[in-house]
Amino acid sequence: MNKELLEALDILEKEKEISKETLFEAIENSLLTACRNHFGKADNVKVEINRETGDFLVYAEKEVVETAEDVEDDMLQISLEDAKKISVKAEVGDVIHVEIKSKEFGRIATQNAKNVILQKIREEERSVVYNQYYEKEKDVVTGVVQRYIGKNISINLGKADAMLNESEMVKGEVFRPTERIKVYILEVKSTPKGPRINVSRTHPELVKRLFEAEVTEIKDGTVEIKSIAREAGNRTKIAVWSNNPDVDAVGACVGMNGARVNAIVEELRGEKIDIVNWDENPGLLIQNALSPAKIVAVFADPEEKTAKVVVPDYQLSLAIGKEGQNARLAARLTGYKIDIKSETQAKDAPGFRYEDYMDEDEYEEYEEGEYSDETVEE
C-alpha cells in the first residue's frame with residue numbers, strides 16, 4: 001500500500017508539477033482533520049510520515065495522571081496504569097505518545113480527510129498553472145483556437161485556456177477551431193476557478209515580441225527597438241537602432257530577401273510593417289518616420305514636442321497617408337505633433353521662411369538651387 005502511495009505521489013509530482021513535500025503535508029493535514037472530526041478536537045495530535053517509505057504514525061500527546069478517576073479528558077490525559085502498558089518507564093506527570101489507529105475513524109471523517117487531500121491538490125494545480133503563465137505575462141505564446149463564446153474566442157494555451165476578447169481582436173480577422181495563432185498575454189489573474197488569462201492580437205507589444213523572436217540581433221541586444229506605433233490590421237511603424245556600427249538595424253529586421261519581416265507579416269495576416277532607423281536628432285527621426293514620403297525640410301521643437309514638415313507638392317498625400325494614417329503613426333512613433341504642408345502651402349503661409357526649417361548649410365544649398373530630395377536622403 002505504501003509503495004502504491006509513493007508511486008501515486010511521484011506521478012502527481014511529474015504530471016501536475018506539484019512537489020511531493022506539498023502532497024505529504026496535505027496527507028498529514030487530512031489525517032489531523034479526520035482526528036478532529038472523529039474526536040471533536042486534535043490540538044494534541046501529531047502526524048508523522050516517513051518520506052522514504054510512506055509509513056505514517058498518528059499519535060496523541062497525553063499527560064500521565066495517577067488513576068483512571070483523575071482522568072478529566074481522555075483525549076488529553078491517561079492513567080498511569082494504562083501508560084505503563086505503552087511504556088514501562090512512564091511516571092505521573094510525563095507526556096507520552098499514544099498511537100491512534102486511523103482505521104477507527106468513521107466513514108464521514110475518512111471522506112472529509114479525502115476531500116482535504118483533493119482540495120489541496122486542486123489548489124496546488126491551479127497555483128502551478130497560475131505561476132507558469134504569470135511568468136509569461138507581457139509575452140507572446142502560441143495557442144489553439146477552441147470556440148467562439150459570443151463575440152469572444154477561447155484559446156487553449158496548453159495547461160490553461162485564455163480569452164481573446166472582441167476589443168483585443170484585429171478587425172476582419174476570422175479564426176477557425178483548431179487553428180494555431182500567436183497572442184500577447186495582457187494579464188493573468190488568480191481566481192477560485194483557476195487563472196484567468198486575457199490575451200490580445202492588437203497590442204503593439206505583440207509586434208515587438210514577434211521581432212524579438214524572429215530577429216537574432218534583437219534577441220542578443222545588438223539591435224534595439226526604440227519605438228513602435230501600430231494600427232492593428234493595417235500598418236505598424238517601428239524605429240530601430242544598432243549598437244554595432246557594422247550591423248544595419250533595418251537590414252537585420254528585414255532579413256535576406258525580406259524573409260524575417262515577411263514571416264511576421266504573415267503571422268499578422270498581411271499587416272504592413274515599416275521599419276525605419278531611429279535617430280537622436282528629432283528632425284531626422286521625423287523624416288525617417290514619415291517614410292516612404294520624401295521630405296524637403298523639417299523644423300522640430302523639442303521643448304514643445306511639435307514639428308513642422310514641408311514636402312514636395314506631389315508627395316503631400318503620401319506623407320499624410322490614407323485617412324491620415326502615415327502622419328498619425330509617425331506622430332506616435334516620434335512623440336511629436338507633426339504639421340505637414342506642401343511647398344506651395346508653406347510658401348503661402350504667413351511668416352513662412354525656409355531657413356526656419358533647415359540648418360545653415362541646407363539653406364545655402366537651397367538658395368543656390370542645389371537642394372533636392374536626394375540631398376535630404378543623403
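These are my notebook entries on a predicted model, going from confidence to strands to helices.

**Confidence**

I began with the scores, as I like to know where I stand. The protein averages a pLDDT of 85, and 89% of the residues score at least 70. I then looked up the weak stretch: over residues 370-378 pLDDT stays under 50. For that stretch the model has 20 contacts beyond four places in sequence.

**The barrel**

Next I traced the barrel. It is closed by 5 strands in the order E5-E6-E7-E9-E8, with mixed pairing. From one strand to the next, the twist averages 50°.

I zoomed in on one pair of neighbours. Strand E6 (residues 152-156) and strand E7 (residues 161-164) are antiparallel and share 4 bridges. Asn156 stands opposite Asp161 in E7.

Which strands does helix H5 lie across? I found H5 (residues 204-214) lying across E5 (140-149), E8 (180-191) and E9 (194-200). Against E8, helix H5 runs at about 120°.

**A hairpin**

I moved on to strand E13 (residues 297-301) and strand E14 (residues 306-311). They run antiparallel, joined by 5 bridges. Asp301 stands opposite Thr306 in E14. The hairpin has 4 residues between the strands, and there I noted Lys305, with a positive phi near 55°.

**Helix H11 and its surroundings**

I saved H11 for last. Is this helix largely enclosed or open? I counted 7 of its 10 residues as buried, so H11 is largely enclosed by the rest of the structure. The buried residues are Gln325, Asn326, Ala327, Leu329, Ala330, Leu333 and Thr334.

What covers them? The cover includes strands E10 (223-231), E11 (235-242), E12 (272-277) and E15 (337-342), along with helices H9 and H10 (316-320).

I took a closer look at H9 against H11. The axes of H9 (residues 282-289) and H11 (residues 325-334) come within 9 Å and cross at roughly 145°. The crossing is right-handed. From H9 the contact uses Leu285, Ile286 and Ala289, and from H11 it uses Ala330, Leu333 and Thr334. By class I list 5 nonpolar residues, 1 polar and no charged ones. Ala330, Leu333 and Thr334 also appear among the buried residues of H11.

The spacing in H11 makes sense to me: an α-helix has 3.6 residues a turn, so residues three or four places apart point the same way.

One last jotting: just after H11, Gly335 takes a positive phi of about 80°.

Note on methods:
Residues are numbered from 1 along each chain as its sequence is written. This is a predicted model: local features need pLDDT of at least 70, side-chain atom pairs count only at pLDDT 80 or more; totals for chains, interfaces and linings use all residues. Side-chain values use heavy atoms; hydrogens and water are left out. Axes are lines fitted to C-alpha atoms, for helices over the stretch in contact, and angles run from 0 to 180 degrees between N-to-C directions. Helices (H or I, at least four residues) and strands (E, at least two) are DSSP runs, numbered from the N terminus. A crossing is left-handed if the near helix is turned anticlockwise from the far one by less than a right angle, and right-handed if clockwise. Contact means heavy atoms within 4.5 Å. Ala, Val, Leu, Ile, Met, Phe, Trp, Tyr, Cys and Pro count as nonpolar, Asp, Glu, Lys and Arg as charged, and the others, Gly among them, as polar. Two strands pair if DSSP finds at least two bridges between them. pLDDT is the predictor's confidence in each residue, from 0 to 100. Buried means under 20% relative accessible area, exposed over 50%, partly exposed in between (1.4 Å probe, protein chains only).
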